[in-house]
Amino acid sequence: MPISKCLKKSEPLWKGWDRKAQKNGLRHQVYAVSGDCYVGEWKDNMKHGKGTQIWKKKGAIYEGDWKFGKRDGYGTLSFPDQEMGKPKKVYSGWWKDDKKSGYGIQFFGPKDYYEGEWCGNQRSGWGRMYYSNGDIYEGQWLNDKPHGEGMLRPENGNRYEGYWERGMKNGPGRFFHLDHGQLFEGFWVDDVAKCGTMIDFGRDEAPEPTQFPIPKIKILDPDGVLEEAMATFRKTKEED
């Protein structure tokens, strides 16, 4: 009895071509229709691994890690500098899902820069900000603004230590007027000191001490109302 065999269907040519066109592994320059250029590693047609992306419109350059088409891992973002004639580093740090997340350093200007934690492209967590006027803020951030406990050191040497909310002094804090040799301790609301006490602090070493020292007085608070209020506020902040 004759044996018949079914002929194996041949694969359409386009499938083989499509398979060869899939971008996997290391590739040379790949250009998009917009003129953007990418050089680096691929996986399943997506940027994945180490690579460099150049955006034609703004001239921005990203060098670092990619994960399934998005910046993810450690990388550096640079922009062209007309004066220097070469790219200038703007951000260097960690990314997640195409956004700055984790520890990183952002340069806002020649003397303005931030080093600390990020979340979703915003300063969030602990960080230190250097301002062009010489001020330095070190402490907690939330939604790109000082929020929580932090310390501000103006250029003149004075210092504020206390709580912040939405970028402003809010809650209990202490302001050291080291130039005059005084210390104010009290409660702030939207950058305005509402109540507190002022005492001499290092007046003998101050460069510009006040003409007369502050007389010492005893504050009577037999029921401990002020102390209890301050303790309640601190406890609330810790729970938040």
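A residue is taken as buried when its relative accessible area is under 20%. In this predicted model, strand β4, residues 61-67, meets that criterion at 5 of its 7 positions, and the strand is therefore largely enclosed by the rest of the structure.

Strand β4 is paired with a strand on either side of it in sequence. With β3 (residues 46-54) the arrangement is antiparallel and comprises 6 bridges; within this pairing, T52 has E63 of β4 as its bridge partner. The two strands form a hairpin in which 6 residues intervene, and G59 in the turn adopts a positive phi of about 75°. The pairing of β4 with β5 (residues 70-81) is likewise antiparallel and is also made by 6 bridges. Here I61 is positioned opposite S78 of β5. The hairpin formed by β4 and β5 has 2 residues between the strands, and F68 takes a positive phi near 50°.

The largest nonpolar core contains 19 residues, among which L77 and Y160 touch the most other members. Contributions of at least two residues each come from β2 (37-43), β4, β6 (86-96), β8 (113-119), β10 (136-142), β12 (159-165) and β14 (182-189). When neighbours within four places in sequence are set aside, the contacts of L77 comprise W55, A60, I61, Y62, R71, K88, K89, V90, Y91 and W95. For Y160, the other residue singled out in the core, a charged group is found at the ring: K169 lies over the face of Y160, at 5.5 Å from the ring centre.

A buried charged residue is found in strand β9 (residues 122-130), which contains R128. Its relative accessibility is 18%, and R128 therefore counts as buried. The side chain of R128 is engaged in a polar contact of 2.8 Å with the side chain of E115, and a further side-chain polar contact, at 3.2 Å, is made with E138. Both glutamates recur in the wider surroundings of R128, where the contacts beyond four places in sequence are Y113, Y114, E115, I136, Y137, E138 and W141.

Aromatic residues provide a further set of interactions. The distance between the centres and the angle between the planes serve to describe a pair of aromatic rings. In total, 18 aromatic pairs are counted. One of these is formed by Y74 and W94, with an edge-to-face geometry of 5.4 Å centre to centre and 75° between the planes. This pair connects distant parts of the chain, as Y74 belongs to strand β5 and W94 to strand β6, 20 residues apart. Each of the two rings belongs to a partly exposed residue: Y74 has a relative accessible area of 38%, and W94 has a relative accessibility of 42%.

A second pair is made by Y91 and W95, whose ring centres are 5.2 Å apart; because their planes stand at 90°, the pair is edge-to-face. In contrast to Y74 and W94, which are partly exposed, Y91 is buried at a relative accessible area of 0%, and W95 is buried at 5% relative accessibility. The ring of Y91 also receives a charged group, since the charged end of K100 sits over it at 5.4 Å from its centre, within the 6 Å limit applied to such contacts. Y91 and W95 are, in addition, both among the residues in contact with L77.

Methods
Residues are numbered from 1 along each chain as its sequence is written. This is a predicted model: local features need pLDDT of at least 70, side-chain atom pairs count only at pLDDT 80 or more; totals for chains, interfaces and linings use all residues. Side-chain values use heavy atoms; hydrogens and water are left out. Buried means under 20% relative accessible area, exposed over 50%, partly exposed in between (1.4 Å probe, protein chains only). Helices (H or I, at least four residues) and strands (E, at least two) are DSSP runs, numbered from the N terminus. Two strands pair if DSSP finds at least two bridges between them. A nonpolar core is a set of buried Ala, Val, Leu, Ile, Met, Phe, Trp, Tyr and Cys residues joined through side-chain atoms within 4.5 Å. Contact means heavy atoms within 4.5 Å. A polar contact is a pair of N or O atoms within 3.5 Å; within protein, one must be able to donate a hydrogen and the other to accept it, and residues adjacent in sequence count only if both atoms are side-chain atoms. Rings of Phe, Tyr and Trp (its six-membered ring) pair if their centres lie within 6.5 Å; planes under 30 degrees apart count as stacked, over 60 as edge-to-face and the rest as tilted. A charge sits over a ring if NZ of Lys or CZ of Arg is within 6 Å of the ring centre and within 35 degrees of the ring normal.
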